[in-house]
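I opened this entry to keep a record of what I looked up, in the order in which I looked it up. The sequence and the structure come first, and my notes follow.

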Amino acid sequence: MPSSRVNFIGVVTYITSPSKALTGDWKCRLNLGDPSNTIVENFSNNEAGFSINFFTKKYLQWLPCPKQGDILILHDIKVVRWQGTISGVGYPDRFRWAIYLPDKGDVYYGQLGNVPESEGAADGLGYAYSPFLQPSASEIKYALNLSDWWRSVLKKRKDAMGEVQQIGGGVNQFSSLSTKRQHQLICEVSLDSSSHGYFDCTVEVLHGWANSNPNVYSLYVTDYTRNAQTRPCTSQWCSVSLQDYVLQIEMWDAAANIGETMRAGEFYHIQNVRLQVRKSGYLEGKLNENKIRLLSEHETASNHHLQALLDRKEAWTKTHDSDGGFEHQLIRDVVADKFFNCSVEILHVELALDAEKGDLPSYIYVTDYTKHSDISFNPGDLKGSIPWPDNLEGRVVKIAMLGKQAAMAKYVVVGSYYLIKKLRLKYTTVGRELRGWLGGGEKLICQLRADNVELQSLLQRKKEWNSINEINPRTEERSQESKMLRIKQSVSTFDRHFSSIKEVNACPISPNKFRVVAKLVDFYPPTLQNAAIAYCRQCKEDIPETRKACYNCADSDHEFVQYRYQLFVLLQDEAGDTIKLSINDRCSLFDGLKRCDIRENITVCNDFCRRLEPLIGSVTKLREGRIDIDQIPFLSLVIYHWLTSKGQQAYSLADFEGVF
């Protein structure tokens, strides 16, 4: 049972009040009892039971809120062993619960107020999670019987009669509900299934990729069905028409070794894939075991899953062309999930942090001055002071630019007009709101020429809209100020001139990049081996050096332990001005370098130190007294500037271009 995910039904014998964890999540703890772990005449302790900790990131009301003696029905609780004790953990965006009220014969979820019952990850386009469980008939029946049993236990304790005895099979056999793992299509898999997200599948391999972590291999497969909660594949190897039909499976350990031998076009039966939510908020698969079998097309007579896959592939191929041209459409005429081209005005840009990496999406907000009935985005919902014209409700499309497209947002100028190719609108998983989606590695946003026919039509629609809405001169003035600010930001980010450190510190535009010439005069930590930091990918907190795993997440299997590199340096330019910045895990110096505890891996440690030697080698000599500060060379460096979540200025090294 340890390290597995199970369902529980039990009597609440104890519950704490909700509080904030160190991570900022809401948390509470409760104990559950049932006939397997309850001593009827344990008069001294009515609070005994199986202990479960619950965490939720955003809404307090998503935590279970039973009273002592209520029957609680739980799904997808992880059972862990920590320091010799077995307990349960309900992780954010995973566990689900319902309180059964036997007197009313109904389930109860507390008072939600204005809190939503569900919410979609990835800005509404990803996995739609609700903590509120709809119990099955068998679960309701068991809960009713458990309520009757608990009343009899309380009566016996009150009467204080009979010998002290234990009901059931012992404390190590705490009851749980589970069902057999099923063979499922990609369109059917869900974390809400009775098999706790585990499934078997028959798939075709599309692509494989060796991760920077040697223990992980990323495999991309399809069975030619689509799941709205998986992330569309925007890689260059994947055709646009196939993007929605791809499932990414992260293969670990024994499975990773097999993954490297799996070739595109081959068919496989894979067992015991576990569904999980990736950092981006979309569903992906995870596989640890070598439960993989290569299939031959000759065995279709005895393998109906393979035959069905081949039939779906044939039907899909007939109805999907490669990546042919797409129709130019107005926003009002667009049909969800269909690719199209459009001509728009850019109203606002949100550039992702370190957009070149493509890990996070950038966002652009556009309009063609036509209204779509399913676009409910209101420009007034945006935080901050954005110079939107009035009365654009239903006419503004929020577009997520993913992967390599995220960096393209840097070149887009607010107030200008662009052709966007291969755009697609998708409904959010909660709320049914249309959002734009742009991926892949092609240049899909092009500025319109003055003589473009579509531009002339767009300008005419804008003119008609302006005449109807009587644009406020002050709004136009603010819009022009925003446009000029965006142009200045674009120029300061990408031209080739060098900035002084004084100019860097004084610049208010964020995010931004600067090229400086400066000496690196100090660094921390003094010993480079201590620049590898262990952190927990579950709660996103650093793990203390005295521990091997995260205590707060009860990570007894070290499942969530990852490493990143970070050190801090002090720069000084020719004028004597200084600036502190980090060299973090995203710096180009560490591209292709394995992330691990370099104190325990001499090969990686040597490579790590070799990469940093041109930067910090002179500081080491300075500390040893072999040179003085005047002999430290000037370096050409690219600095990245951004604001932290607390609004503080932050700087990091984006690139080292060499000795100046």
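These notes go from the whole chain to one strand, then to one helix residue, and end with the cysteines.

**Entry 1, the chain as a whole.** I noted at the outset that this is a predicted model, and I read everything below with that in mind. I looked up the secondary structure and found eight helices and 30 strands in the chain. I then checked burial, and of the 660 residues in the chain 49% are buried. For the surface I recorded an accessible area of about 32100 Å², with carbon and sulfur atoms holding 49% of that area. I also looked at how far along the sequence the contacts reach: among contacts with a separation of 6 or more, 68% join residues that are 24 or more positions apart.

**Entry 2, strand 18.** Which strands does strand 18 pair with? I found that strand 18 pairs with strand 21, residues 417–427, in the antiparallel sense and over five bridges, and that strand 18 also pairs with strand 19, residues 362–367, again antiparallel and over five bridges. To place these pairings on the sequence I noted one opposed pair for each: F340 stands opposite L423 of strand 21, while V349 stands opposite I364 of strand 19. I then asked how many of the 11 residues of strand 18 are buried. The count is 10, so strand 18, which runs over residues 340–350, is largely enclosed by the rest of the structure. I added a reminder to myself that side chains in a regular strand alternate between the two faces of the sheet.

**Entry 3, I616.** I located I616 in helix 8, which spans residues 602–623. Is I616 buried or exposed? Its relative accessible area is 3%, which lies under the 20% cut-off, and I616 therefore counts as buried. Leaving aside residues up to four places away in sequence, I616 touches L520, F523 and L528. I also took the distance to K519, and from C-alpha to C-alpha K519 and I616 are 9.8 Å apart in space, although 97 residues separate them in sequence.

**Entry 4, the cysteines.** I looked for disulfides and found zero in the structure. I then checked the burial of two cysteines, and I wrote down C201 as buried because its relative accessibility is 2%. C507 has a relative accessible area of 15%, so I entered C507 as buried too.

Conventions. Residues numbered from 1 in each chain as written. Predicted model: local features only at pLDDT ≥ 70, side-chain atom pairs only at ≥ 80, totals over all residues. Heavy atoms only, no water. Disulfide = S-S within 2.5 Å. Buried < 20%, exposed > 50% of the residue type's maximum accessible area, 1.4 Å probe, protein only. Helix = DSSP H or I, 4+ residues; strand = E, 2+ residues; numbered from the N terminus. Contact = heavy atoms within 4.5 Å. Areas by Shrake-Rupley, 256 points an atom, 1.4 Å probe, with all protein chains shown as cover. Pairing = 2+ DSSP bridges.
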